[in-house]
Amino acid sequence: MIKLQKLYQCYDQLLDMIYPGHCILCGIVTKHGICSECLPLLPCCQRACCLCGCALADASSDYCGQCLSKRPYFDHVFAAFWFLPPIDQLIIDYKYHQRWENLALLATLFTQYCPPPKDSCQLIAVPSHKHRVRQRGFNAVYELVRAIHKRTALNYSLSTVVRIRNTQMQTGMGKLQRQRNVRAAFALSQPLQTKHVIIFDDVVTTGATVNELAKTIKRAGVERVDVWALARAI
């Protein structure tokens with residue numbers, strides 16, 4: 001599958017040399033996937049909870065009611081976009097239909113909005129179980145981290161944490177079901193050499209997965225755990 005992925009990438013590069021790219025929204029010719037006029041139309045996250053990153057209905061508060069009643073293990077969620085068109089379809093097509101051309105576009109868009117990483121922090125991708133990776137043929141989140149790394153100077157690791165339980169697919173699950181599904185699903189494979197960790201995931205839905213991973217990381221002595229994501233579900 002890795003060789004097939006490289007073949008797809010070479011094929012896309014060849015097409016880019018022969019045919020110009022087009023904006024995914026309006027269709028005009030552009031080299032960046034989205035033209036400068038359509039870029040402001042993307043569903044950028046605004047008015048989000050300072051902890052979990054969910055949309056806030058009350059403009060007078062910086063925190064949602066859920067975080068006020070029970071603080072999560074992570075300290076902050078940054079998501080570049082809401083999981084709405086066209087971002088949602090870009091992620092779905094990349095993750096489930098192996099649209100490799102979307103990988104570079106998503107990584108580029110994310111780096112335009114993400115905060116600058118600090119030298120002292122380390123980025124860790126949410127791991128998939130080895131059976132899930134073999135089934136899908138690749139780790140979508142790991143490939144995103146590698147693509148983002150090419151565009152930023154972030155320090156990252158893809159081997160620090162592992163998923164020790166092959167959890168069920170969480171599509172359609174509620175928050176409590178997701179919490180039970182990912183309980184004790186992660187473990188550290190090597191000691192952490194930093195007090196500040198950033199967890200990266202493609203989409204944060206209820207936050208159950210990243211919260212469980214943050215709990216594992218903090219129990220290892222890390223003082224601050226942030227979460228970065230391409231998109232946050234509303």
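How many bridges join S2 to S3? I looked this up before anything else: the count is 2, and the two strands run parallel. The model I am reading is a predicted one, and every value below is computed from it.

**Entry 1. The whole chain**

I began with the inventory, which gives 8 helices and 7 strands in the protein chain. Along the principal axes, the C-alpha atoms fill a box of roughly 55 × 45 × 40 Å. I then checked the radius of gyration: the chain has 18 Å, and a compact globule of 234 residues would have one near 17 Å, so the two agree.

I noted that 48% of the 234 residues count as buried. The accessible surface comes to about 12700 Å², and carbon and sulfur atoms own 54% of that. For contacts with a separation of 6 or more, I found that 71% are between residues 24 or more positions apart.

**Entry 2. The sheet**

I traced an open sheet of 5 strands and wrote down the order S1-S7-S6-S2-S3, with parallel pairing. S1 and S3 (156–157) stand at the edges with a single partner strand each, so one side of each has no neighbour in the sheet. Helix H4 (residues 101–113) packs on this sheet and touches S1, S6 (196–204) and S7, with its direction at about 125° to that of S1. I also looked at helix H6 (residues 140–149), which lies across S2 (122–125), S3, S6 and S7 and runs at about 120° to S6.

**Entry 3. Strand S1 at the edge**

Is S1 mostly covered or mostly open? I counted 6 buried residues among the 7 of S1 (residues 76–82), so I record the strand as mostly covered. Its pairing with S7 (residues 224–232) is parallel and extends over 6 bridges. I listed two of the partners in S7: valine 77 bridges to valine 227, and phenylalanine 78 to tryptophan 228.

**Entry 4. Strand S2 inside the sheet**

I asked which residues of S2 are buried on each side. Gln122 and Ile124 are buried on one side, and Leu123 and Ala125 on the other, which leaves both faces covered. S2 pairs with S6 in the parallel sense over 4 bridges. I followed isoleucine 124 in both directions: its bridge partner in S6 is isoleucine 199, and in S3 it stands opposite serine 157.

**Entry 5. Helix H3**

For H3 (residues 87–97) I listed the buried residues: Ile87, Asp88, Leu90, Ile91, Asp93, Tyr94 and Lys95. I noted that this list includes Asp88, Asp93 and Lys95. The buried residues of H3 pack against S1, H4, helix H5 (130–136), H6, S6 and S7. Just after the helix, I found glutamine 98 with a positive phi of about 55°.

**Entry 6. Helix H8 and leucine 213**

I next took H8 (residues 208–218). Of its 11 residues 10 are buried, so the helix is largely enclosed by the rest of the structure. The buried ones are Ala208, Thr209, Val210, Asn211, Glu212, Leu213, Ala214, Lys215, Thr216 and Ile217. Their cover includes S2, S4 (161–163), helix H7 (175–182), S5 (186–188), S6 and S7.

Within H8 I picked leucine 213, which is buried with a relative accessible area of 0%. Leaving out residues up to four places away in sequence, I found leucine 213 touching Val126, Pro127, Val161, Phe186 and Ile199. I also took its separation from threonine 160: they are 53 residues apart in sequence, and their C-alpha atoms are 12 Å apart in space.

**Entry 7. Cysteines**

How many disulfides does the structure hold? I found 0. Why is cysteine 114 not bonded to cysteine 121? The sulfur of cysteine 121 is the closest cysteine sulfur to that of cysteine 114, but it is 10 Å away, too far for a bond; the cut-off for a disulfide is 2.5 Å.

I checked burial for both residues. Cysteine 114 is buried, at a relative accessible area of 14%. Cysteine 121 also counts as buried, at 4% relative accessibility.

Conventions
Residues are numbered from 1 along each chain as its sequence is written. This is a predicted model: local features need pLDDT of at least 70, side-chain atom pairs count only at pLDDT 80 or more; totals for chains, interfaces and linings use all residues. Side-chain values use heavy atoms; hydrogens and water are left out. Buried means under 20% relative accessible area, exposed over 50%, partly exposed in between (1.4 Å probe, protein chains only). Two strands pair if DSSP finds at least two bridges between them. Contact means heavy atoms within 4.5 Å. Axes are lines fitted to C-alpha atoms, for helices over the stretch in contact, and angles run from 0 to 180 degrees between N-to-C directions. The radius of gyration is taken over C-alpha atoms; the globule rule is 2.2 Å times the number of residues to the power 0.38. Accessible areas come from the Shrake-Rupley method with a 1.4 Å probe; for residues, only the protein chains shown count as cover.
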